Structure formats: structure tokens, C-alpha cells
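Opened the notebook to write down what I looked up in this one. Entries follow in the order I went through them.

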Amino acid sequence: MLKITSRTLRSMAMPATLALTATMALSAGAHAQDKTFLIGIVEQQLANPFFAKLQQAGVDAAKKHGLETMTAESSVAGDSATQVAAIENMINRGVKGIVLDPANASALVKIVQKARDAGIIVVTTNTSLEPATAADASYETDNLAAGELIGKWAKARLGSTPARIAMLDYDLSDKTAKARHDGFLNGFGIAEGAPEIAGTALTQANVETGQSSMENLLSAHPDINAVYTINEPAAQGAFLAIKRAKKDIALTSIDGSCSGVRSVADGTIGATVMQFPTNMGTLAVEAIVTAVNGGAKPSGINNSGTILITDNPVDGIESKDSKWGLENCWGE
Amino acid sequence: MQTSDRVRTDTGQAKIDAEPAGSPPAGLFAGLRRAATGLFAYPVTGPLVALILILIVFSVTTSTFLNAGNLSLIFQQSVVVGTLALGQTLIILVSGIDLANGAIMVLGMVVAGSIAANGDPMLGMLVGLAVCIVAASINGLIITRFRLPPFIATLGLFTILTAAARLYTQSRSYPINSDFMTILGEGPSFGLVTITYGSMLWIALTLVLAYALNQTAWGVRVYAIGNSPAAARLNGVNVNGVIFSVYALAGVFYAFAGWQALGRTPIADPSGYQIANLDSITAVVIGGTSLFGGRGGVAGTFIGALIVVVLKNGLTQAGIDSLYQQIATGFLVILAVGADQYLGRGQRA
């Protein structure tokens, strides 16, 4: 499962500002009719700790404002039907805002339109609809920016050594996978098909396929010295192959799960980019509260944060160490 | 049943003498003979020639394919699917199919992994084995008692067990630290070449199963049921009993496959091996076992599993996009089944 999000200064400042605005709005409008209302939160399958964290953050943020929430989640990956039914129910129940983590970018456009026609503010999290303007706004990881961070780090780490890169991808028709892939190449400063790319392989974003893909690539190109991986399980698999081949390779990844950050701490992964499901859920609910209470309506695609986590920082790229990472990671 | 009435080939198949046996119970032999018409040589030579051709092509077209390190890697990469495919072969031989085998293996692995994480790897392994056998037996039970088509029964179990493994683990994976649980990934090493215990185990399991299928009465019944359950039943074979035993035994192989998987990748991960079920079917089919049942064997499956892995490995060495690798594998499957259809029709006419 891909988990997709910079805790830059900007995004750290944003929740604080939003919270402040919302608190002011609440206290100023204590007698306003929108003092309490219902918010719907539609997630993807909660067995994935990323989605569970996102939903919990949304519920907590709503609770902070004394608001009730109504939650629903898809049963398996890509299950948009359950989400459509959930949104229909939420429209009937008269929610004022919906936080949606769409299981499918196009399948939910119609029902979201219906909700917005009914005057409901719909904010997507984690990933946006196609087109993104189908919802009021989106709070998600800028995966292109995330890829660029590890691309730049790998480039700096190699220094003057000629690069031999392995790309461990996930299905590139997946928006997130493509953005991360393109971002890495941008950050490294090379184009698709550049001679620096020794080989690419398609993984299923898990340990097992990360391992066998890396074994095959290393067998074909023993000179590989930098690796991009779609997510941390794939990186952990790649490391098993690298360890067996006894190579010193700059291994990079994206996600910021606690397991991934531990791999940074023990030297398995050179650098990873953390994304922030908690920010997504909190920012989305705050935006809805502000808008419902007469404040500005949210708009656009907003980066919920991307931060480079590494214990080998390089000049010119802002990063945090694995200790900070362990305090801010998500999942197990 | 007298073993002297059967002629063995070295192709992992039992062949029944076409001449009347002349010894009681004559009915059984007549039935088995009829049933065995389909058994006639669908030799393992087809897959073997294909494998050798593929090996030659990659050796000539790439500079990195043909070296001892890479060849030992291919063996290591084959063991999991190869072991799963042994169970799958049994099931396909009785005209069944198992879409749940990967999910059964993964559930066994995560249960074993979670118990091992609490400090008892031996208990974990035993419970994992039990999980695999029970789950596989549920398949057998649904298919024999309730007469559900194997495709549907195992598709249902596949869906249930995939979700169950996620729920059980809360989508977490368990790193394995026990040497015993990961021993199959170890083995004598010569430079970059490692002959893992897992590779040895895979070969041993293949030999044991080939023996059971070719040298025991149970094996003959398996082939007989695959050819014609009605004929087998008429001849006194407990068809449901044998089919159930096939599914339950397959569970033992899935448990071994899970052990192989922990040796290769020391982590019990509920998101792993999502398409191992299809890969195992691919290995069986490319290995020349008929999806209609009754023809083929584990020697072919052994080669079939190697072909699946060699294709992926060799095409990567040749720098060919992974999507084309999948296309190549798909073509091979269609080719293998097409050949089977063609031969099957010829023999059964």
C-alpha cells in the first residue's frame, strides 16, 4: 500500500493558524446556528495504519471543536462503491462537511458533485479526484516534491562517483507512483531513460518483490550504487539483496512509517521522506470548520508535508534525523 | 491393486498397461485403463526443451545471465512458488484448482511469525503448519461435501484469508529473528554461489511427491480421478476421500512454502505473495500438467517454476521492461495450455 505526504515551516504554521482562526470563529459565533454540526469522514480500509491514523486525526480535530462525526471506510483497496453509499447516507443525514480519502479518482466525482450541490464542503485527503477541482480542496503529500528530496540526497551522497541507479517502481499508471518516480529523477537531475539508470523493475510495493527485483538488477548490474524505492517495505526487501551482495549502496525511499524510520536508524535505508497523515486529517477538518462558520472556503491542492529523514544529512537539503522521525512517524 | 500392472515412465506420470491384466479385480483395471488413455505421454520433455532454449537465449544475449552466482539465485527465487506449485499440481491432477494457496501460506506465516515474536519459534512453526493444513482442508471439505466448484470455493477462501491475515496482524509485519525459522535461506556458500537448504528441500519434496504419485496406489487413484471421477468411483475408489486427502496434503506443502518464504525474506508480511497463487498455477501449467486433470506431474512443475523465474530474471538481465516480462509469461501459459488442449483432444477422441 502506498502512503502518500513536508512538514515545512509553512505546513507547521498552517494548522496553528487554522486552529486559531477556527477557535476565534467559534467563540465569536457562540450563538451562531452553525455552532455544532455533523462532519462525515470517509476513509479507505482501516487495516492500513496510514488510513487509520488519518481518520483518527480527523475525528480528534472535530471533537476538539465539539463536533460530531460520522465515519465510513471502504472494505478493500479501490472499493469506491462503499464510499459512494457512505456519502449518500451523509448527504441524507445533513452533514455540513465531508473529508474524503477517495478509493478511486474518477468513480467518486459524481457523488461529490451531488454533495457539493447540497451545500456540503467536500475536502479530499491523501489523494485528489480527477479533476482535482471536483472537490473544494485537497490536503495531500506532494509526491513529486517527496521524490525530489531523495533524488537530491542521492545525488549529493554519491558526489563525484558516476551514478548507477536502480529504480524499484510500483505500477506507473498509479498517480502517486509516477509522481515519486518523476520526482526522484528531477531531484537527481536526469531525464527518463538517462544512461545513469542501470535498470528499473516493477515491484508490488512490498518486501518480497523488492527483494527479488533488487536481486535480479544487482545480478545484471553489480555496479549499482543508488536505489530509488516506491516505499519502505520495497526498500527493506532491496536491502536484503544488497546485504547478501555485500554492496555499499545509497538506498532511498518514501513514507515515514515507524518501521521505515527504524530502518533509517539502523542504517538499512539511507534516507526516506516522511508524509503526515495526521496533518491531512486535521487540516481537512479545520478547513471545513472555518468554511462552515462563514470563513474562507478551502481551495486547491495543499501539501500536507514532506520532510527528509536521514542520519547522513547533506549540505543544502533540509532534513531531520531518525530520532525526530521516530517521534513523528505513523503506523507500526 | 498390483503394482506390476503399471508401467512407470520417468516423466513423473503413471501409465497403465493397455493389455488386460487378467487378475482381479478386473473391473478396476478396465476402468483405470480407460481412465488412463489420457495419461499417455504428455512428457516432461516439452517444458524441459523450453527451459533449455530459454537458458541458451539468455546466455547468448546477455553477458551476466550465465554465471554460477546468477544460476544459484534463480534456484533461490524459485523455491517458494516451486513448493506452492507442488501442492497445486496435486490439486490440478484431480481436476481442481487452488486460488487460495498463497493466502493460506501467508496466513500460516503471519501466525507463526506472531507467535515467534512472543518468543516461541518452535510453537509458531507448529501452529503455522496446523493453520495451513486446516485452511487447505476447509477447501477440500467445501469441494467434496458441498460440491462447490473448486474455482469458486478457493476464490472465496482466498478473499477471506487475505483479509483475515490483514486483520490478524493489523496490517503489521513481523521480522523473524529465529535461526530455525530462516534456516532454509542459509546453506553452503562458494563465493557468490549459495546452495540453500531451501533449494535442497524443494528438490527433496519434489522427489517424495513424484514417488507418491508414481509408486503408490494413492497416486494411481489421483490420476484416475483426474481422468474420470465416474470411472474411478465405479471401480471402488473413494473419490471424495482421495480428493479431500489431496487438498489436505497440499496444505502441508503450503506450510513448507511458507518456511521457504521466511528463509528467503525473514519477515512475515501479510502483504506479500499476492499473486503467488497465479504464479503457482502458471508453473504447473507451463510444466505440462493438464488443467483438465489426470495428466502431468511434479517433475514438469519443477521445471515450470524454474521457467517462470528464469524468464523474469533473464529479461531483467536483458534490460527488458517488466511489463514485457509479464507478456512473455502470459504467452507461455497460453502456449502450454494450447499444446495441452491439442494433445488432450487427440488422445481422448
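**Chain A, the annotated domain.** I started with residues 39–294 of chain A, where the chain is 47% helix and 20% strand. The C-alpha atoms at the two ends of that range sit 16 Å apart. I picked the range because UniProt, in an unreviewed entry, places "domain: Periplasmic binding protein" at residues 39–294 of chain A. Note to self: this is a predicted model, and the domain label comes from the UniProt record.

**Ala166(A).** Next I clicked on Ala166(A), which lies in strand 6 (residues 165–169) of chain A. Buried or exposed? Ala166(A) counts as buried, because its relative accessibility is 0% and the cut-off for buried is under 20%. I then listed what Ala166(A) is in contact with, leaving aside neighbours within four places in sequence: Gly199(A), Met214(A), Leu217(A), Ile224(A), Ala226(A), Val227(A) and Tyr228(A). I also checked Ala166(A) against Gly267(A): they are 101 residues apart in sequence, and 19 Å apart in space, C-alpha to C-alpha.

**Asn302(A).** I moved on to Asn302(A), found in strand 11 (residues 300–303) of chain A. Asn302(A) has a relative accessible area of 16%, so this residue is buried too. What does its side chain have for polar company? I found the backbone oxygen of Gly300(A) 3.3 Å from a polar atom of the Asn302(A) side chain. Not counting residues up to four places away in sequence, Asn302(A) touches Ala137(A), Ser138(A), Tyr139(A) and Glu140(A).

**Chain B on its own.** I counted 14 helices and 6 strands in chain B. Chain B has 349 residues, and 55% of them count as buried. Looking at contacts in chain B with a separation of 6 or more, I get 77% from residues 24 or more positions apart.

For "transmembrane region", the UniProt record (unreviewed entry) lists several stretches of chain B, including 73–93 and 242–262. I looked at how those two are built. Residues 73–93 of chain B are 100% helix and 0% strand, with the end C-alpha atoms 30 Å apart. Residues 242–262 of chain B are also 100% helix and 0% strand, and there the end C-alpha atoms are 31 Å apart.

**Where A meets B.** How many residues of each chain are in contact? I get 19 residues of chain A against 27 residues of chain B. The area buried between the two chains is about 2000 Å², and carbon and sulfur atoms give 48% of that. Glu208(A), Asn216(A) and Arg244(A) supply 26% of the area that chain A buries against chain B, more than any other three residues.

I went through the charges next. The rule finds 1 salt bridge across the interface of chain A and chain B. Arg264(B) pairs with Glu215(A) in a salt bridge, with the closest N and O atoms 2.9 Å apart. For polar contacts, I have 13 residue pairs between chain A and chain B.

Which elements of chain A give two or more residues to the side that touches chain B? They are strand 7 (197–202), helix 7 (207–220) and helix 8 (232–244). Helix 7 of chain A gives the most, with 9 residues. Last entry: sorted by type, the chain A side that touches chain B has 8 nonpolar, 7 polar and 4 charged residues.

Conventions
Residues are numbered from 1 along each chain as its sequence is written. Chains are lettered from A and ligands numbered from 1 in the order in which they are written. This is a predicted model: local features need pLDDT of at least 70, side-chain atom pairs count only at pLDDT 80 or more; totals for chains, interfaces and linings use all residues. Side-chain values use heavy atoms; hydrogens and water are left out. Contact means heavy atoms within 4.5 Å. Buried area is the accessible area (1.4 Å probe) that two parts lose on being put together, summed over both. A salt bridge is a side-chain nitrogen of Lys or Arg within 4 Å of a carboxyl oxygen of Asp or Glu. A polar contact is a pair of N or O atoms within 3.5 Å; within protein, one must be able to donate a hydrogen and the other to accept it, and residues adjacent in sequence count only if both atoms are side-chain atoms. Helices (H or I, at least four residues) and strands (E, at least two) are DSSP runs, numbered from the N terminus. Ala, Val, Leu, Ile, Met, Phe, Trp, Tyr, Cys and Pro count as nonpolar, Asp, Glu, Lys and Arg as charged, and the others, Gly among them, as polar. UniProt positions are given in the numbering used here, feature names are shortened, and annotations may be inferred rather than shown by experiment. Buried means under 20% relative accessible area, exposed over 50%, partly exposed in between (1.4 Å probe, protein chains only).
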